[in-house]
Amino acid sequence: MKYCTKCVLPDTTDAIAFDQDGVCNVCRAAEVKKSKIDWQERGKMLARIIEKHKDKGEYDCIVPFSGGKDSVFQLWYVVRVLGIKPLVVRYNHWGFRPIIYKNCDKVFKKLGVDVVEFQANWHVVKKLMKHALEKTGDSCWHCHLGVFANTLRLAIKFNIPLIIYGESSAEYAGHLSFEEIQSANTEFFNKIVNLGIDADTMYEQLNGQIEKRELIKYTVPTQEELEKAGIEAIWLGNYIEWDTKSNVETIKKELGWEGAPVEGIPPQYDYEKIECMWQGVRDYCKYIKRGNGRTNHLCCIDIRNGRMTRDEAVELCKQYDGKRPASLDLYLQMLELTEDEFIKILQKNQVYDWGFDANKIEKGQELPDMKYWSREF
């Protein structure tokens, strides 16, 4: 495998490219963010967007919300900095950890917001998770589309044209650059969000296992529908200089938001992906397919922000990435798979030039809250 000479991203990363100096396109995008973007002008652009939508209806915008660090910060920013009234839309993916309910109780009360939560039929979700895993090596299809497609549909239904998401995709992937302004269009959602399977294809592949109407909520509206409803989706990271660690400090201080340990992640990153029981499994899936995990991702961000050396990152990745998560036992029970079946599925989706060896994998430790996780599968 080839690695970026500046960060530690490998060439198995989706949409990665290296320049003549061996530096990846994500690192180059971070340089653009720091040196070429006029953030004062971007702030003025955001102010004009907010002015266009403020006080035009019952709500000024929708904030899609999970309770993780990014959605909590974007909600705090919308209420406390922009001073507008959001409708919080929460897709409950059936995997929230106990800390999320505790955090959300504090956040919603302190910010004073209205919340709509949508939780899909568990029988349907379970089928979608298993099928998405088999086809793509990622069982989170329902969650991606629940957050994006379902939110777009609710925006149309409730006549709330403005949706405010969090960080720009350019922060972590090579699909976009900071010079581009992300917008809500069907091309974006179908390219980045749905793992290459739209709702119609999912229905056909499931061959009658679920009713077609069960997939309406996971269907991205057409471009014509979005334009007719005047939907404008923006990402705060296109208009403010997004800094995850600074954002986390803000929500911990202002809202009492708490972090938690996550499987396969060093303790200093207690803020990262704490909202889902299956995050450790998802990162392990990525490791089996691509040879890098969540620690690699986090170290790369710190390198780009001058908070870590490349040598320090290499050591952390060796120490934390690639361990078999203790939660895998529950996950396999939930999806009615053996571990051999699970690994074979992921190896079918393995990226060339990476060879996963199950015999070399160490077991990770249980999380302290696992004893409280639901076993009703």
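Biologist: Hi! What classes of residue make up the lining of the largest cavity?

Modeller: Hello! In this predicted model, the lining of the largest cavity has seven nonpolar, one polar and four charged residues.

Biologist: And how much space lies in there?

Modeller: About 100 Å³ in the largest cavity.

Biologist: Which residues line the largest cavity, and which helix gives the most?

Modeller: The lining is V26, A29, A30, K33, K34, A170, E171, Y172, F178, I301, R304 and N305. Helix 1 (25-35) and helix 12 (294-304) are the elements that give two or more residues. Helix 1 gives the most, with five residues.

Biologist: How many cavities of 30 Å³ or more does a search of the whole structure find?

Modeller: Three. The second largest has a volume of about 70 Å³.

Biologist: What's around that second largest cavity?

Modeller: Its lining includes K69, D243, Y269, Y271, I301 and N305. I301 and N305 also belong to the lining of the largest cavity. For the second largest cavity, helix 10 (244-255) and helix 12 each supply at least two residues, and helix 12 has the largest share, three residues.

Biologist: How does that lining divide by class?

Modeller: Into four nonpolar, two polar and six charged residues.

Biologist: OK, on to pockets. What volume does the second largest pocket have?

Modeller: About 460 Å³. Of the 27 residues that line the second largest pocket, V262, E263, G264, I265 and Y320 are the closest to its centre.

Biologist: Which helices supply at least two residues of that lining?

Modeller: Helix 11 (279-290) and helix 13 (310-320). The largest share comes from helix 11, with four residues. By class, the pocket lining has twelve nonpolar, seven polar and eight charged residues.

Biologist: Changing topic: at what angle do the axes of helix 5 and helix 8 cross?

Modeller: The axes of helix 5 (residues 122-136) and helix 8 (residues 199-206) cross at roughly 95° and come within 11 Å. The two helices are therefore roughly perpendicular to each other.

Biologist: Which residues make the contact?

Modeller: Helix 5 uses K127, L128, H131 and K135, while helix 8 uses M202, Q205 and L206. By class, that contact has three nonpolar, two polar and two charged residues.

Biologist: Last one: is N103 buried or exposed?

Modeller: N103 counts as buried because its relative accessibility is 1%, and the cut-off for buried is under 20%. N103 is found in helix 4 (residues 98-111).

Biologist: What is N103 in contact with, leaving aside neighbours within four places in sequence?

Modeller: N103 is in contact with G256, W257, E258 and I274.

How values were computed:
Residues are numbered from 1 along each chain as its sequence is written. This is a predicted model: local features need pLDDT of at least 70, side-chain atom pairs count only at pLDDT 80 or more; totals for chains, interfaces and linings use all residues. Side-chain values use heavy atoms; hydrogens and water are left out. Buried means under 20% relative accessible area, exposed over 50%, partly exposed in between (1.4 Å probe, protein chains only). Contact means heavy atoms within 4.5 Å. Axes are lines fitted to C-alpha atoms, for helices over the stretch in contact, and angles run from 0 to 180 degrees between N-to-C directions. Angles under 35 degrees count as roughly parallel, over 145 as roughly antiparallel, 65 to 115 as roughly perpendicular and the rest as oblique. Ala, Val, Leu, Ile, Met, Phe, Trp, Tyr, Cys and Pro count as nonpolar, Asp, Glu, Lys and Arg as charged, and the others, Gly among them, as polar. On a 1 Å grid over the protein atoms alone, a cavity is a set of points where a 1.4 Å probe fits but cannot get out, and a pocket is an open set with protein on both sides within 12 Å along at least five of seven lines; lining residues have an atom within 4 Å of a point. Grid points are joined across faces, edges and corners, and a volume is the space filled by probe spheres set on the points.
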